[in-house]
Amino acid sequence: RLRMGEYYSYSVLSTWLQRIAENMPDIAKLIKVGTTIEGREILGLKFGKDTPDKKVVVIDAGIHAREWAAIHTASYFINLVIFDQSSLLENKINFQIVNSREGDPQIQNYLDNIVLYIIPVLNPDGYEYTRTDKTNPRARMWRKSRSPKACAFDGVRNSCCMGVDLNRNFDFRFSEIGASRYPCSEIYHGPSAFSEPESKAYSQFLASLKGRLEAYITLHSYSQLWIYSYSHRKFTYAPDIDETRRVAAKAVQELGRMYGTKYRHGTGPEIIYAFSGGSTDWAKETLKIKYSYTIELRPGYEEWNGFVLDKNQLIPTAKETWAGVTVVLDEVTNQW
Ligand code: 0X9
Ligand code: ZN
């Protein structure tokens, strides 16, 4: 078990995921989404017995390198699921129900009824780069992937920079709005949709679940927002927007009940800004997912540099987010 409330390197996280899968094969399976530009494996865990009729929920984090609180939150979710499950297993093995903690019946219910995937770091190259901040102070604020330099004439000179904003590289209204064609921009969308191995592999992974994928949640930071489709233009919604809104409203209410953290919900242009090429919009449109949410975790938008979240806020952030996420999981598990 990893002690929560800390930040870990990608290699520690990867080993942790592998160990969980090795030691608890009945609970978790290791999944390999793909390989990054620098050769790292994008790993995740699959929970719940897979039968073809079961609905699937996918939760990811870390598509943006500097959003460490999101990566911690996804790791916390994994810990939550395996801890409750393993205590349940121990009970079974030891035939010792007395004195030992029962597995959380709510989590047990999820795993009986759905297949849950958690991928804690979609952009491990970027994440590892942000962790070199001891020697390179600017690295902590890196957002993009670490793809090789690309160049473009910006009106003054030919500028070359590394990295693509993977959350602008999905094939949903690619390059239309809120994205840049200049490689030195933080929101550089890349040369073409799915030009990057990370976003391409991930889209193929999600597409392989088409028809069964009922909810897709991507964790970001920060601003305390619960965002749904579509983001490219105001007043542009999917047909089931009322249901989407209803569940989002309920989720932020449930989230706030724990510590009073205030979230707002809405589409991108309603509550922050318009942009295109993001994962949730692509998933909503292409895979026709019912619940497709981007969650911007703590702190609030008034904070100046909220990407660096104090360690003592990590566990509360993860806990309240789980409370919100359970609203979505409940909708999926209780709908037949
Ligand atoms: O710009 C982004 O990619 C997200 N914000 S962040 O500060 N984490 O970079 C915005 C995601 C908004 N999502 C949708 N409007 N779908
Ligand atoms: Zn982000």
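**View 1. Welcome to the surroundings of ligand 1.** Of the 13 residues around ligand 1 in this predicted model, those that come nearest are N167, H220, S231, G268 and T294. Two elements, α8 (279-287) and β10 (291-300), each give two or more residues to this shell. Sorted by class, the shell holds 8 polar, 3 charged and 2 nonpolar residues.

**View 2. Here we turn to E296, a residue of strand β10.** UniProt, in an unreviewed entry, places the feature "active site" at E296. Is E296 buried or exposed? E296 counts as buried because 24 C-beta neighbours lie inside 10 Å, and 20 or more are enough for that label. Leaving out residues up to four places away in sequence, E296 touches a run of neighbours that includes H220, S221, Y222 and S223. Q224, L225 and I227 are also among its contacts. You have met H220 already, as one of the residues that come nearest to ligand 1.

**View 3. Now for the largest nonpolar core, with its 78 residues.** Within this core, A74, I118, I217 and W226 have the most contacts. Which helix provides the largest share of the core? That is helix α2 (residues 68-94), with 10 residues. To follow one of these core residues outwards, pick I217: not counting residues up to four places away in sequence, I217 touches I59, Y293, I295, V325 and V328.

**View 4. Strand β4 (residues 114-119) has partners in both β2 and β3.** Strand β4 is mostly covered, with 5 of its 6 residues buried. Strand β2 (residues 41-47) runs antiparallel to β4, and 3 bridges join the two. One place to find this pairing is K46, whose bridge partner in β4 is Y117. Strand β3 (residues 55-61), in contrast, pairs with β4 in the parallel sense, over 6 bridges. There, look for I59 and its bridge partner in β4, I118. Both names have come up before: I118 is among the core residues with the most contacts, and I59 is touched by I217. As you look along a strand, remember that in a regular strand the side chains alternate between the two faces of the sheet.

**View 5. The last stop is E331, in helix α9 (residues 314-333).** E331 counts as partly exposed because 18 C-beta neighbours lie inside 10 Å. Setting aside neighbours within four places in sequence, E331 is in contact with V247 and Y291. How far from E331 is E214, 117 residues apart along the chain? The C-alpha atoms of E331 and E214 are separated by 9.7 Å.

Terms used:
Residues numbered from 1 in each chain as written. Chains lettered and ligands numbered in written order. Predicted model: local features only at pLDDT ≥ 70, side-chain atom pairs only at ≥ 80, totals over all residues. Near = placed C-beta within 6 Å. Helix = DSSP H or I, 4+ residues; strand = E, 2+ residues; numbered from the N terminus. Nonpolar A, V, L, I, M, F, W, Y, C, P; charged D, E, K, R; others polar. Core = buried A, V, L, I, M, F, W, Y, C linked by C-beta atoms within 7 Å. Buried ≥ 20, exposed ≤ 12 C-beta atoms within 10 Å, placed from the backbone. Contact = placed C-beta atoms within 7 Å. UniProt positions renumbered as here; feature names shortened; annotations may be inferred. Pairing = 2+ DSSP bridges.
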